[in-house]
Amino acid sequence: MRELSAPQGDLMLDAVDRKIIAKMQGEFPISERPYAEVATQLGIPETELLQRLEHLLANKVLTRFGPMFQVERMGGAFVLAALAAPEERYEELTALVNALPQVAHNYRREHALNMWFVLATETQEGIAEAIAHLERDTGLPVYAFPKEREFFVEMKLEARL
Amino acid sequence: MTAPKIDEIDRSLIVATQGGLPLVARPYNAIAEQLGLSAEDVMRRLKAMLESGVIRRIGAVPNHYAIGWTANGMTVWDVADDQVDELGARIGALDFVTHCYRRPRALPAWPYNLFAMVHGASREECATKAGEIRALLGPACQASDILYSTKILKKTGLRIGA
């Protein structure tokens, strides 16, 4: 089964969209007219960059655009966790897990542990509280996989369509 | 490492931008206006948070399916404890690995202590990349698996309360 999350609307990305997607995964400037700066580098008008970004976000080609926070660096915690969700309860459990604001993202994966999500909380204790809350709501054990060491993180992918 | 201090104003900036940066010509001025700060102050604080790592970067997050990376595999490895750090650093250095972490095992259900994300246009492409990781790990690796994602159930990022 491959139930992929297809983006909404038309999926046709042109060369300019692809350039924008690559460029916008880099360091966005902190300046008075940051979009104008990036647009100049891309060789397009600022208004076109803004319109295309709006379109890419509305069509869910981009899921978000803005600062990426490392909550650990402000005293909080970020923990990968997983559930073995029985197939007949999958939808109900997805709703329960996603309802928690502490769940930053959630993926269905092919394994006995078939729901993998990331908890991001402002305090260290927030993780245990969120897990206790989920275990109570779901009646299932939640496996927590806190990172013990980070070797590399850089999620930059070029559009291949 | 001790966490850098963020104050109430920094926190209000996080709350104001965690959903995204405004798509207007002067986004930092727009945030400043909303919070009753000066644009200079907003920019200075954002730069300081970038510097301290509270902000990893300012940028876009693509939906990898939508841009052609339809196969996304979480490769997981059971690596000897005395070698996992050295090998993890080498796996993390592979150009196709986007995230690489050491995490605790959850025995008996979960024997894996090294996680590396790989992406491809097909599962075959991911499997080839996993093969390269396998070769690099050599005899230090006892068992492995690839967990492909089949659906994004949620992808909002951090949400702290106002």
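Hi everyone, let me open with one pair of residues: B:Ala71 stands opposite B:Gly120 in strand S4 of chain B. Before going on, a word on what we are looking at. This is a predicted model, where local features need pLDDT of at least 70 and side-chain atom pairs count only at pLDDT 80 or more, while totals for chains, interfaces and linings use all residues. Residues are numbered from 1 along each chain as its sequence is written, and chains are lettered from A and ligands numbered from 1 in the order in which they are written.

Back to S4(B), then. Helices and strands here are DSSP runs, numbered from the N terminus (H or I, at least four residues, for helices; E, at least two, for strands). S4(B) covers residues 114–120, and six of its seven residues are buried. Buried means that 20 or more other C-beta atoms lie within 10 Å of the residue's own; exposed means 12 or fewer, partly exposed is in between, and the C-beta atoms are placed from the backbone.

Which strands pair with S4(B)? Strand S2 of chain B (residues 71–79) does, in the antiparallel sense over seven bridges. Strand S3 of chain B (residues 99–102) also runs antiparallel to S4(B), joined by four bridges; there, B:Cys100 stands opposite B:Ala116. Pairing requires DSSP to find at least two bridges between the strands.

How confident is the predictor? On pLDDT, its confidence in each residue from 0 to 100, chain B averages 94, and 97% of the residues score at least 70. Among the elements of chain B, helix H2 (residues 27–35) has the highest mean, 98, and strand S1 (residues 55–62) the lowest, 94. For the complex, the ipTM is 0.88 and the pTM is 0.86.

Over to chain A, which has five helices and six strands, in the order α-α-α-β-β-α-β-β-α-β-β from the N terminus. An automatic or database domain assignment sets the domain bounds: domain 1 is 1–68 and domain 2 is 71–145. Their centres, taken over C-alpha atoms, are 29 Å apart.

The radius of gyration of chain A is 19 Å, whereas a compact globule of 161 residues would come near 15 Å. That radius is taken over C-alpha atoms, and the globule rule is 2.2 Å times the number of residues to the power 0.38. Along its principal axes, the C-alpha trace of chain A spans about 55 × 40 × 25 Å. Buried residues make up 32% of chain A.

One residue to find on your screens is A:His111, in the loop between strand S3 (103–109) and strand S4 (115–121) of chain A. Why does A:His111 count as partly exposed? Because it has 17 C-beta neighbours inside 10 Å. Its C-alpha atom is 46 Å from that of A:Gly43, 68 residues away along the chain.

Finally, how do the chains meet? The contact takes 69 residues from chain A and 68 residues from chain B, two residues being in contact if their C-beta atoms, placed from the backbone, lie within 7 Å. On the side of chain A that touches chain B, the largest share, eight residues, comes from S1(A). That side divides into 37 nonpolar, twelve polar and 20 charged residues. Nonpolar covers Ala, Val, Leu, Ile, Met, Phe, Trp, Tyr, Cys and Pro; charged covers Asp, Glu, Lys and Arg; the others, Gly among them, are polar.

Strands also pair across the chains: S3(A) and strand S5 of chain B (residues 141–155) are antiparallel over five bridges. In S5(B), B:Lys151 is the bridge partner of A:Arg108. Thanks, everyone!

Methods. pLDDT is the predictor's confidence in each residue, from 0 to 100.
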